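User: Please take a close look at a single part of this protein for me, and walk me through it as you would at the bench. I would like to know how that part is put together and what packs around it.

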Amino acid sequence: QCAFAAEEWMKFPAYQRVVLNNGVTVLLAEKHGAPLINLNLALRFGATRDPAGKEGLADFTNDLLRKGAGARTANQISDDMDFIGATLRTIVGPEKTRVQFEFLKKDLAAGLELFSDLILRPKFPEEEVAKMLKNRLDELRAAKDEEHADVVIVRKTTKSDEFFSIVSEYLQRHPGVSIVLSAPYKDPDMM
């Protein structure tokens, strides 16, 4: 028997379970003394569901979540989150995706509106997609200069010859290194 089994801090709080008409399951765990609202969206798909040839798309889409939603630009999302003291954390795993959003209870209406925009009305502005693709290529360039890595994880950002020449050059200089690739492609039909 576990020595900690009776500890109060380990007990899961009471919660209500409701299945909405659209099939979404909502679990509500209330803690009235806390000044925060914590929303967690868990989706039953992750990186393993990326389409063939578009590996890394879930991660790339996840990274773009803050770059525009509803009528908000990236700067407006940032400002609105700061105004209500909100934090956003997104996680793409192999089998699931989670979006966690926390804000002050006094800002319930504004927090729910912003969260709804982020998850229901994301935008993928072309200029933000281009910036992110550039950043991913810069990560690859930086990784090729890393002298002490046994495994380098890079994200393929383009089908260009530049990508392959960087990887080839890196492997020639570091023959014992493994490179693990994920490959988001800009494809508006997939986002």
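Analyst: Let's begin with a term we will need shortly: a polar contact is a pair of N or O atoms within 3.5 Å, where, within protein, one must be able to donate a hydrogen and the other to accept it, and residues adjacent in sequence count only if both atoms are side-chain atoms. The model is predicted, so local features need pLDDT of at least 70 and side-chain atom pairs count only at pLDDT 80 or more, while totals for chains, interfaces and linings use all residues. Residues are numbered from 1 along each chain as its sequence is written, and side-chain values use heavy atoms, with hydrogens and water left out.

First, the setting. The protein has 5 helices and 9 strands; these are DSSP runs numbered from the N terminus, with H or I over at least four residues for a helix and E over at least two for a strand. Their order along the chain is β-β-β-α-β-β-α-β-β-α-α-β-α-β. Of the 191 residues, 30% are buried, where buried means under 20% relative accessible area, exposed over 50%, and partly exposed in between (1.4 Å probe, protein chains only).

The part I have picked is an open sheet of 3 strands, ordered β3-β7-β6 with antiparallel pairing. Strands β3 (36-43) and β6 (87-92) are its edges, each pairing on one side only. From one strand to the next, the twist averages 10 degrees. Two strands pair if DSSP finds at least two bridges between them. By that rule, β3 and β7 are joined by 8 bridges, and β6 and β7 (residues 97-104) by 6.

Now follow the β6 side. β6 and β7 make a hairpin with 4 residues between them. Three of the pairs across it are T87 with E102, T90 with V99 and I91 with R98.

T97 of β7 is a good place to pause. T97 is buried, at 10% relative accessible area. A polar atom of the T97 side chain lies 2.9 Å from the backbone oxygen of F45, which makes this a polar contact. Contact in general means heavy atoms within 4.5 Å. Beyond the neighbours within four places in sequence, T97 is in contact with L41, A42, L43, F45, G46, I91 and V92.

On the other side of β7, L39 has F101 as its bridge partner. I37 also sits in β3, and its C-alpha is 6.0 Å from that of L104, although the two are 67 residues apart in sequence. Setting aside residues up to four places away, I37 touches F101, E102, F103, K105 and L108.

What lies across the sheet? Helix α3 (residues 108-120) lies across β3, β6 and β7 and runs at about 160 degrees to β7. For that angle, axes are lines fitted to C-alpha atoms, for helices over the stretch in contact, and angles run from 0 to 180 degrees between N-to-C directions.

The packing also draws in a nonpolar core, a set of buried Ala, Val, Leu, Ile, Met, Phe, Trp, Tyr and Cys residues joined through side-chain atoms within 4.5 Å. The largest such core has 15 residues, and M81, F101, F103 and L118 touch the most other members. At least two residues of this core come from each of β3, α2, β7 and α3. Apart from it lies another core, of 5 residues, including F60, L64, M132 and L133.

M81 is worth a closer look: leaving out neighbours within four places in sequence, M81 is in contact with R66, A86, T87, L88, F101 and L114. Helix α2 (residues 74-84) also holds S78, which counts as partly exposed because its relative accessibility is 36%. The C-alpha atoms of S78 and G68 are 9.9 Å apart, with their positions 10 residues apart along the chain.
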